[in-house]
Amino acid sequence: MTQDEKYMSRAIRLARKGAGWVSPNPMVGAVIVDENGRIVSEGFHERFGGPHAERVALEKLNFNAKGCTLYVNLEPCCHYGKTPPCTQAIIKSGIKRVVVGMADPNPLVSGRGIEILRNHGIEVVVGVLEERCRELNRAFIKWITRKIPYVTLKWAQSLDGKIATKTGDSRWISSEKALKFAHRLRALHDAVLVGKRTVEKDDPMLNVRLVRGRDPLRVVLDADLSLPPDRKVFSVPPETVVFTASGSKEKEERLKEKGVEVIRIPESEGKLSIKEVLKTLGERGITSLLVEGGSQTHASFIKEGLYDEIQAVVAPKIIGSGIEAAGIEGINRVEDAVKLRLLSARRLGEDVVIVLRPLES
């Protein structure tokens, strides 16, 4: 590992500390190294609306970093937003060299920050550990370029691929550690989505209780607004949004009285349009969406190719006849199966967490 890679790796680790707190901004870490190769300051973007990583690190030096090198995993911003441009602070600080992990895909930046720094005589190196930098902010990249969230499908299943018995019982397929893992995933995503059947059978709260973190926006798909308003997802914090197509105005008003937002969207082949759901969430600044079920909801996202990742918790249990993790119909030949690539597999107590992505991603 080169010196530049070493310090960029540190910047990436720092950036990750902002996970779950900075969205819809990207996660960014900054490391300042003096001419002798010593780290003299560092920082990360801690919360949305707060100072950016570069300013956090520079402030610790009273914005005096003459002759130093700045390492940052994402191109410094050059526009006014919640905070002033970071390029401005970098130039005034006297930094002579900036190492950037990746250019910012945000159209408001998109290379302009790098250009401004170079025009002020600062040496800029771009692309150090770029693949790791892109992986870190994959949700932000998708949202800022395509205006829809990064979608992760999550479920807990038995070894033979069932998420519940034939009677609908699913408590608990996986271990306590897996349940805590599920809450951690919620805390890392802007929103969590379930279908009507999951609310009917499990009556989940869909908030974060077992780990430290923000509660996600809760999203429920209920095409005809047939769910009773006394469900926990409608009765306890945080905010809940229901997507519907043909629900009555009377039911809509009952939900609104409980603080629930109801959004009407078109149907596609008798079902709510997943594309419209993602478009609407993207417009609200939702960069990442965790889909927790159930079987038919997972199937809808998979069939339409509207997902980016699957996180499956596999328990060492065999259920036999039951409900499949993704109830996809119409696949009669193995060669027509949905093809995935394995990203990782790790043990989680008694269970195994498998992370997969579409083959073409």
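Leu179 sits partly exposed in this predicted model, at a relative accessible area of 31%. That value clears the patch cut-off of over 30% relative accessible area, and Leu179 does turn up in a nonpolar surface patch together with Trp172 and Leu210. Taken together, the three residues offer about 300 Å² of accessible area. Leu179 itself belongs to helix α7, which covers residues 176-188.

Turning to the interior, the largest nonpolar core counts 40 residues. Those touching the most other members are Met8, Ile32, Leu58, Leu70, Ile90, Ile95 and Val98. Helices and strands both feed into this core: among the elements giving two or more residues are α1 (3-15), β1 (29-33), α2 (53-59) and β3 (69-74). The biggest share comes from α1, which puts in six residues. As for Ile32, once neighbours within four places in sequence are set aside, its contacts include Ile39, Val40, Leu58, Leu61, Cys68 and Leu70, along with Arg38 and Ser41. A second core, separate from this one, is made up of 30 residues, including Phe243, Ile302, Tyr307 and Leu356.

Aromatic pairing is a short story here, with one pair in the structure. The ring centres of Tyr7 and Tyr71 lie 5.2 Å apart and the planes meet at 45 degrees, so the pair counts as tilted. Tyr7 comes from helix α1 and Tyr71 from strand β3, so the pair ties together parts 64 residues apart in sequence. Both partners are tucked away: Tyr7 is buried at 5% relative accessibility, and Tyr71 is buried with a relative accessible area of 4%.

Note on methods: Residues numbered from 1 in each chain as written. Predicted model: local features only at pLDDT ≥ 70, side-chain atom pairs only at ≥ 80, totals over all residues. Heavy atoms only, no water. Patch = residues over 30% accessible without salt bridge, like charges linked within 9 Å, V, L, I, M, F, W, Y side chains within 5 Å. Areas by Shrake-Rupley, 256 points an atom, 1.4 Å probe, with all protein chains shown as cover. Salt bridge = Lys/Arg side-chain N within 4 Å of Asp/Glu carboxyl O. Helix = DSSP H or I, 4+ residues; strand = E, 2+ residues; numbered from the N terminus. Buried < 20%, exposed > 50% of the residue type's maximum accessible area, 1.4 Å probe, protein only. Core = buried A, V, L, I, M, F, W, Y, C linked by side-chain atoms within 4.5 Å. Contact = heavy atoms within 4.5 Å. Phe/Tyr/Trp six-rings, centres within 6.5 Å; stacked < 30°, edge-to-face > 60°.
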